[in-house]
Amino acid sequence: MIKSSRLVAFETLYKIFYDSAYSNLALDNALKGVNDDKAFISALVYGVVERRLTLDYFINKYLKSKPKPKILTILRMGAYQLLFMDKVPSNAAINESVELTKTIRQDYYSSLVNAVLHKIDNDRIIPDDDLSVKYSVPQNLINMWLKQYGRETVEDFLPSINERPPVFAVPNLLYVDADELLYELMSEGIDGEVVGELVIITSSFDLSNSKAFANGLFHIEDMSSYKCAKALGAQPDEIVLDMCSAPGGKAFTIAEHMQNKGTLLAFDLHEHRVKQIEDGSDRLGISIIKAAVNDASVYNQNLPKADRILCDVPCSGFGIIRRKPEIRYKELDCISDLPAIQLGILETSAKYLKDGGTLIYSTCTLNKKENEKVVNAFLNNNSDFTLADENTSFPTKYGGDGFYHAVLIKK
C-alpha cells in the first residue's frame with residue numbers, strides 16, 4: 001500500500017512530537033520510501049513544527065479540552081495548511097484531514113476535526129500584539145531576547161526566523177572566486193547571485209547531482225559562520241587549531257584563506273563527525289587539515305602551540321532556529337549549565353595559543369549568558385588577553401543566521 005503524502009507527514013510529525021525524534025532525521029528517514037510530493041511533505045512537517053504555538057492558539061480557541069495526541073497532530077496539520085499554505089484550497093485541507101482520521105482508525109473524531117478546522121478557516125486572524133503567538137516562539141524566550149537586545153531589535157529579526165533560510169555557497173578559493181563559481185552553478189541550471197564573497201543559491205538543487213560540488217568548487221556554509229572563520233585572519237604557513245570543528249565548514253574556509261599552506265588541526269568529540277571533516281577536506285582538495293578525535297574541555301599536552309585558534313563551542317542554538325525549528329522549544333532551565341561548559345572549553349583552548357596569537361570564541365546562539373558574559377568571565381580570569389572585536393549577527397531574510405563571535409588577542 002502506497003501511503004498518502006499527508007499520512008507520511010502525520011507519521012513523521014508524531015515521531016517528532018511524541019517520540020522526541022529530531023525533525024531533520026525523522027523527515028529524511030520518511031522520505032526514503034517516497035517518490036512523489038517530497039517538497040509538500042517537507043514543507044508541511046517543518047511548517048507544523050515551526051508554527052506549533054500559533055497553530056495551538058487557534059485549536060485551543062475551539063476546543064474545551066486537549067485532544068488525543070494523534071488528533072492534535074491532524075488538527076495542527078490541517079490548521080497549518082489553512083493558515084500558511086496558500087496553494088492548498090481550504091476544502092482540500094479540511095477534507096483530507098477528516099480522511100486522515102479515518103485512515104488511522106480514529107473515525108470517532110472526524111466530525112470534531114471537521115468542525116474545528118471550519119472554525120479556524122473562518123477565523124484566520126493572528127494577534128499582532130502577541131509576539132509569542134505571531135511568530136510561534138515560547139514567551140520565556142521572547143522575554144529573554146527583549147531583556148537582552150531590546151524590543152526594536154527583536155521585532156526586527158523575528159520575521160526572519162520563520163522564513164526559508166538562505167543557502168550560501170562558499171567558493172573554494174584554491175580554484176574559483178564567487179563570480180566563477182556562479183558561472184559554474186548556472187551552467188548546471190542552478191540559479192544564484194553573488195553576495196560579497198559568497199554565492200546565495202536562489203533555486204532548488206540537489207548537491208548529490210552537482211558537478212561543481214563533486215569537483216570541490218564550493219562548500220555550503222552560512223554567511224555568519226563564514227564571516228567568523230574569516231575574522232580569524234589565518235595566514236599561509238601558520239598553525240591553526242579548530243577545537244569544535246565538525247562538520248568542518250569553518251575549517252574549510254580557514255584552510256582556503258591559508259592557500260592550503262600550513263597546518264590546521266580540526267577536532268571533534270566523535271569519530272563519525274571527524275570523518276565528515278575528512279570527507280569534506282578530500283572533496284575540496286584541501287591537504288593541510290588534519291582531523292582527529294579530541295575533547296576540547298580537557299587539556300591535551302600533545303597539541304602544538306598555535307598561531308590562531310577557533311573555539312566554536314556547543315551552544316543552545318537560538319540563532320539557527322529557522323534551520324532547526326524545534327530548538328525554539330527548549331526549556332531555558334535545561335541550558336543553564338552551558339555557560340560553565342563553554343567557559344571551560346575557552347579556558348582550555350587558550351592554553352594552546354602562542355604569545356601574540358589570536359583566538360576566536362563563537363556560538364550560533366542569541367543569548368548573552370552564553371556569549372558576552374562567557375567572554376567577560378574569561379577576560380576577568382586571564383589578564384594576558386584583550387578583546388579586539390566582538391560581533392552579534394541577527395538573522396535576516398537574505399543574510400546570515402544569528403551568531404556571535406569575539407576576537408581575543410594574547411599579549
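**Exercise 1. Pairing of β5**

Strand β5 (residues 238-242) pairs with β6 in the parallel sense, over five bridges. Task: find which residue of β6 stands opposite Leu241, and decide whether β6 is largely enclosed or not.

Solution.
Step 1. Fix the terms. Strands (E, at least two residues) and helices (H or I, at least four) are DSSP runs, numbered from the N terminus. Two strands pair if DSSP finds at least two bridges between them.
Step 2. Note the origin of the coordinates. This is a predicted model, in which local features need pLDDT of at least 70, side-chain atom pairs count only at pLDDT 80 or more, and totals for chains, interfaces and linings use all residues. Residues are numbered from 1 along each chain as its sequence is written, and side-chain values use heavy atoms, with hydrogens and water left out.
Step 3. Look across from Leu241. Leu265 in β6 stands opposite.
Step 4. Judge burial. Buried means under 20% relative accessible area, exposed over 50%, and partly exposed in between (1.4 Å probe, protein chains only). Strand β6 spans residues 262-268, and five of its seven residues are buried, so the rest of the structure largely encloses it.

**Exercise 2. A hairpin**

Task: describe how β2 and β3 pair, and state which turn residue has a positive phi.

Solution.
Step 1. Locate the strands. β2 covers residues 192-195 and β3 covers residues 198-201.
Step 2. Give the sense. They pair antiparallel, over four bridges.
Step 3. Pick a facing pair. Val195 stands opposite Leu198 in β3.
Step 4. Inspect the turn. Two residues lie between the strands of this hairpin, and Gly196 in the turn has a positive phi of about 65°.

**Exercise 3. Helix α14**

Task: explain why α14 is largely enclosed, and say which residue with a positive phi follows.

Solution.
Step 1. Count. Eight of the nine residues of α14 (residues 249-257) are buried, so the helix is largely enclosed by the rest of the structure.
Step 2. Name some. The buried residues include Gly249, Phe252, Ile254 and Glu256.
Step 3. Move past the helix. Gln259 follows, with a positive phi near 60°.

**Exercise 4. Two residues and their partners**

Task: for Cys228 and Phe17, give the helix, the burial and the contacts.

Solution.
Step 1. Take Cys228. This residue lies in helix α13 (residues 223-231). Its relative accessibility is 0%, so Cys228 counts as buried.
Step 2. List its contacts. Contact means heavy atoms within 4.5 Å. Not counting residues up to four places away in sequence, Cys228 touches Leu310, Ile360, Ser362, Phe403 and His405.
Step 3. Check a distance. Cys228 and Val407 are 179 residues apart in sequence, and their C-alpha atoms are 9.2 Å apart.
Step 4. Take Phe17. This residue lies in helix α1 (residues 5-18). With a relative accessible area of 18%, Phe17 is buried.
Step 5. List its contacts. Phe17 touches Val48, Val49, Arg52 and Arg76, again not counting residues up to four places away in sequence.
Step 6. Check a distance. Phe17 and Asp28 are 11 residues apart in sequence and 16 Å apart in space, C-alpha to C-alpha.

**Exercise 5. The whole protein**

Task: decide why the protein counts as being as compact as a globular protein of its length.

Solution.
Step 1. Count elements. There are 17 helices and 11 strands.
Step 2. Compare sizes. The radius of gyration is 23 Å, close to the 22 Å that the globule rule gives for 411 residues, so the protein is as compact as a globular protein of that length. The radius is taken over C-alpha atoms, and the rule is 2.2 Å times the number of residues to the power 0.38.
Step 3. Add burial. Of the 411 residues, 52% count as buried.
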